[in-house]
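Ready for a few warm-up exercises? Take a look at the sequence and the model first, then work through the tasks one at a time.

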Amino acid sequence: MVYNRFNNTPPASRKISAPRGVTHLKYLVLYFLNKISFQKPPLDYSQQVALMQSRGLKIDCVDTAVNCLSHFNYYRFSAYLRTFEVDPSSHQIQLGTTFDDVLNVYLFDRDLRLLMLDAIEQLEVSLRTQLAYQLSHRYGAAHPHLQADLFSNQSSYVDGFVRLENEVKHSSEDFIRHLRTKYKEDLPPIWAVVELMTVGQLSRWFSNIKLRSDRRLIASIYAVDEKILSSFFEHLSLVRNFAAHHSRLWNREFTKTMKIPRYGDPFLVSSFFHLPDHDRRLRKIYNTLTISGYLLQVISSNKDWIRKIKQLVAAYPVDVSKMGFPKDWLSRPVWLCV
């Protein structure tokens, strides 16, 4: 069956759900009555520095701190400052904490984001390539993505198709304009259209492939199980969004985590931090970095990225346990290989 066009149905509106035993109207009334007006005035840079000092932060050079805040945004910087607090209610800082201590974490996180985006680019381009190559050769077609019966969830397929159709329609890429002008198919060939897929779209198209044998064929390129690969790229989409929008990765707890394999290549499996499902350290970035480093070695035999992560950790005096790192991480195979 070849998909032509479907109407895009907007998702249902999000509702505010009341706790059990409380009427929805009563809950809404309580919800809005408990809210207060925001009364805090804006502070200039010197006042922001003074506020941090009043909370116990040691600042040797006020001019340097003012200059940093004039480019970093105090509210953004304060997210890193909170990890040094001993009392969240009063925002009092641990005794002896300096502005440089907080700044080091901020700069470390910035460099970590850049390295993570570097890894995501390589992994994303690789999966685009394999998705296009394997499906087109498996079915001897330039447009396997137009064959709806190759995909499991038809609702997800329709949504993915409409999103791609919209991407193609609004694309300014010369190769897309050429293909749209010359050929009559609803979408360009799969090896062209994958270049418009986001990490999230790529993840959904891969996980929605109907035959497990097709998913396994693609996953075999990466020496991992297809369920692990699907779960990882779904999680990677979230990581990418944080990194690309300059949001904090250091000590962040991700709402969507990846499946951790218990079986497979011992080199990878023994490098993960295996913990009970309820352990919040699983929500941190350590396991993400581990499988990213592993996959980069698989696709390119290049260990530079692993080396750069280790050099980054060595360059800044940050507490890596806040990123979910086990104490013996440097002795685990993926990290020990360079």
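Contact here means heavy atoms within 4.5 Å. Helices (H or I, at least four residues) are DSSP runs, numbered from the N terminus. Keep in mind that this is a predicted model, where local features need pLDDT of at least 70 and side-chain atom pairs count only at pLDDT 80 or more, while totals for chains, interfaces and linings use all residues. Residues are numbered from 1 along each chain as its sequence is written, and side-chain values use heavy atoms, with hydrogens and water left out.

**Exercise 1. Work out how the buried residues of α14 are arranged and what covers them.**

Step 1: Find the helix. α14 covers residues 304–315, which is 12 residues. From first C-alpha to last, α14 reaches 16 Å, close to the 16 Å expected at 1.5 Å a residue (the expected span is 1.5 Å times one less than the number of residues).

Step 2: List the buried residues, where buried means under 20% relative accessible area, exposed over 50%, and partly exposed in between (1.4 Å probe, protein chains only). In α14 they are Trp 305, Ile 306, Ile 309, Lys 310, Leu 312 and Val 313.

Step 3: Look down the axis. The buried residues of α14 fall within an arc of 155°, so they line one face of the helix (the arc is that of the directions from the helix axis to the C-beta atoms). On the face turned away from that buried side sit the exposed residues Ala 314 and Ala 315.

Step 4: See what lies over the buried residues. Their cover includes α5, α13 (286–300) and α15 (333–336).

**Exercise 2. Compare the settings of salt bridges, starting with Arg 113 and Asp 109.**

Step 1: Get the rule straight. A salt bridge is a side-chain nitrogen of Lys or Arg within 4 Å of a carboxyl oxygen of Asp or Glu. The structure holds 13 of them.

Step 2: Take Arg 113 and Asp 109, whose side chains meet at 2.8 Å, N to O. Both lie in helix α5 (residues 99–138), 4 residues apart, about one turn of the helix. An α-helix has 3.6 residues a turn, so residues three or four places apart point the same way. Arg 113 is buried at 5% relative accessibility, and Asp 109 is buried at 0%.

Step 3: Now try Glu 226 and Arg 212, with their closest N and O atoms 3.1 Å apart. This pair links distant parts of the chain, 14 residues apart: Glu 226 is in helix α11 (residues 226–244) and Arg 212 in helix α10 (residues 212–220). Glu 226 is buried at 3%, whereas Arg 212 is partly exposed at 36%.

Step 4: Finish with Lys 256 and Glu 234, 3.2 Å apart at their closest N and O atoms. Lys 256 sits in the loop between α11 and α12 (266–269), and Glu 234 is in helix α11, 22 residues away. Lys 256 is partly exposed at 36%, and Glu 234 is partly exposed at 38%.

Step 5: Look for shared partners. Salt bridges join Glu 124, Arg 128 and Glu 195 into one network.

How values were computed: Helix = DSSP H or I, 4+ residues; strand = E, 2+ residues; numbered from the N terminus.
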